[in-house]
Amino acid sequence: MFQIYNTATRKKEVFSPLQPPNVGMYSCGPTVYDFPHIGNYRAYISSDVLARVLLYQGYALTHVMNITDVDDKTIRNSRARDMSLKSFTSVYEQAFYEDLHSLNIKSITVHPKATDHINEMVALIEVLLEKGVAYRAADGGVYYAIEKNSQYGKLACLDRENLRAGASGRMSLDEYSKDDVRDFALWKAWTPDDGDVSWETSLGKGRPGWHIECSAMSMKYLGQSFDIHAGGIDLVFPHHENEMAQSEMATRKPFVGYWVHNEWLLVDGKKMSKSLGNFFTLRDVLQRGYSSLDFRYFVYSAHYRQQLNFTWDAMEAAREGRERLSMALYRLKLLSTRSSSSPSHKAQKMSALFLVEFEEAVFDDLNISRGLAALHEHLKKIHKEKVRLSPDDYTALLEGIYKADTVLGLQLASAGESVVIPQHVEALREARVKARAAKEWEAADALRKAIEEAGFDVEDASDASYLIPRI
Ligand code: AMP
Ligand code: ZN
């Protein structure tokens, strides 16, 4: 039974899709006006984990993540750099795909771009105008009338007082706070600040507001009602509130079944953000010698609905944790075999028990930290059992762990691929094998010590001895 916390009800709920085995999921993607910071990547990793848990359960998932390539910020920054909107945003769009690849964020089926869907946005705004919930203002733009929707404010739990105070005004910016609850822009009429960014449409010359972009793209790819909408906690208001309002007033159908929001990545106790200037990009992390998967592992140190503080010490701890995991897996790989005889009952039971524990953790509102802890425990148990396990047992145990890794996304099957054994250490290993064969136990012990001093453990299996880097 898979449970997920739904922001709309403020409760953990049993997940039940509209049309099983199909699941439709939309994650708000990046605004490509700069390199994303690692706080943004916490959001995308959280979405990816949710998607992977759905795939693990056998659902046929369509996961849409949009690219916001036209909004207030992209226009402002492309003009500041004197570049066309497209050539400006495509730099960051490409960098984003590269980062997704290195973070092993693989669950996304479609990446629709806002500028490719202007017609769909215009059509949706036309419906809202027809239904009388949108109106044209004196500035030439089209706005959404929040007073026409008694449900407005439901998702963000806005208080009615605030709503009444705001109902008289209009908000033309894409981003604003709860103190500014007002009618918001669906279509922005062209102004000189927009430069050459505009579309000639039935609504006049202009461009879409940010919120309508996600409504139009999500419904195009997932239908008028779909299962999951995900994003960072800051998106609850105004972005998701507005998306829900527009979509539900246009279709008169429930827009989304489960709203899923991740908490902040912090730096020194403050939200990591571009505007505070306290951010790091993935490139900064790589430059310090960490890998993208170390960062992914670091993200797993807190539940997605808890705030997580970023420090370089915590990054270092994550790197060590992942290295320990990789070396334990590498050892299992060395000790396993591809022979066709079947594993022992004991190994099968160990593997099954581990997967039960792992599933209990990740099916409980994506408790990935607990799932990872279960994996570390499982590996310790395997280590203790070593004298009683056969190569076939190791193969079976590895299979169970690889299954769990379809959720973790830590590329455990590649563990140890970068291990290099220096020649002099290999020579020591060979000398030790000979000493043991000649029953020269003291010499063999001395050689083991020398190998350990060189930074390696020796693992004796029935048919061979292996070298595993010490951490
Ligand atoms: P943006 O490009 O600003 O629209 O943000 C992209 C995604 O990253 C959104 O889902 C945000 O909610 C999320 N996000 C932004 N800053 C942080 C942060 N410090 N921690 C976690 N998620 C964040
Ligand atoms: Zn969005």
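# A zinc site and two helix pairs

Guide: In sequence, the donor residues of the zinc ion (ligand 2) follow the spacing C-x185-C-x24-H. The model is predicted, so local features need pLDDT of at least 70 and side-chain atom pairs 80 or more, while totals for chains, interfaces and linings use all residues. Residues count from 1 along each chain as written, chains are lettered from A and ligands numbered from 1 in the order written, and side-chain values use heavy atoms, without hydrogens or water.

Visitor: What makes Cys28, Cys214 and His239 donors of the zinc ion (ligand 2)?

Guide: Cys28 (SG), Cys214 (SG) and His239 (NE2) lie 2.1 to 2.2 Å from the zinc ion. Donors are N, O and S atoms within 2.8 Å of the metal (3.2 Å for Na, K and Ca), so these atoms qualify; water is not among the atoms, so sites may look incomplete.

Visitor: How do you know that Cys28 and Cys214 link distant parts of the chain?

Guide: They sit 186 residues apart: Cys28 is in the loop between strand S3 (22-27) and helix H1 (38-56), and Cys214 is in helix H6 (residues 210-222). Helices (H or I, at least four residues) and strands (E, at least two) are DSSP runs numbered from the N terminus. Both Cys28 and Cys214 are buried, meaning under 20% relative accessible area (over 50% is exposed, in between partly exposed; 1.4 Å probe, protein chains only). Of the protein's 471 residues, 53% count as buried.

Visitor: Why are H11 and H12 called roughly antiparallel?

Guide: Helix H11 (residues 345-362) and helix H12 (residues 368-384) pack at about 165°, with axes 7 Å apart. Angles run from 0 to 180 degrees between N-to-C directions, and the axes are lines fitted to C-alpha atoms over the stretch in contact. Under 35 degrees is roughly parallel, over 145 roughly antiparallel, 65 to 115 roughly perpendicular and the rest oblique. H11 and H12 are therefore roughly antiparallel.

Visitor: How many residues of the contact of H11 with H12 are nonpolar, polar and charged?

Guide: Nine are nonpolar, three polar and four charged. Nonpolar means Ala, Val, Leu, Ile, Met, Phe, Trp, Tyr, Cys and Pro; charged means Asp, Glu, Lys and Arg; the others, Gly among them, are polar.

Visitor: What makes H14 roughly antiparallel to H15?

Guide: The axes of helix H14 (residues 423-437) and helix H15 (residues 441-453) come within 8 Å and cross at roughly 160°. That makes H14 roughly antiparallel to H15. Their contact (heavy atoms within 4.5 Å) includes Leu428 and Ala431 of H14 and Trp441 and Leu447 of H15. By class, this contact has ten nonpolar, no polar and four charged residues.
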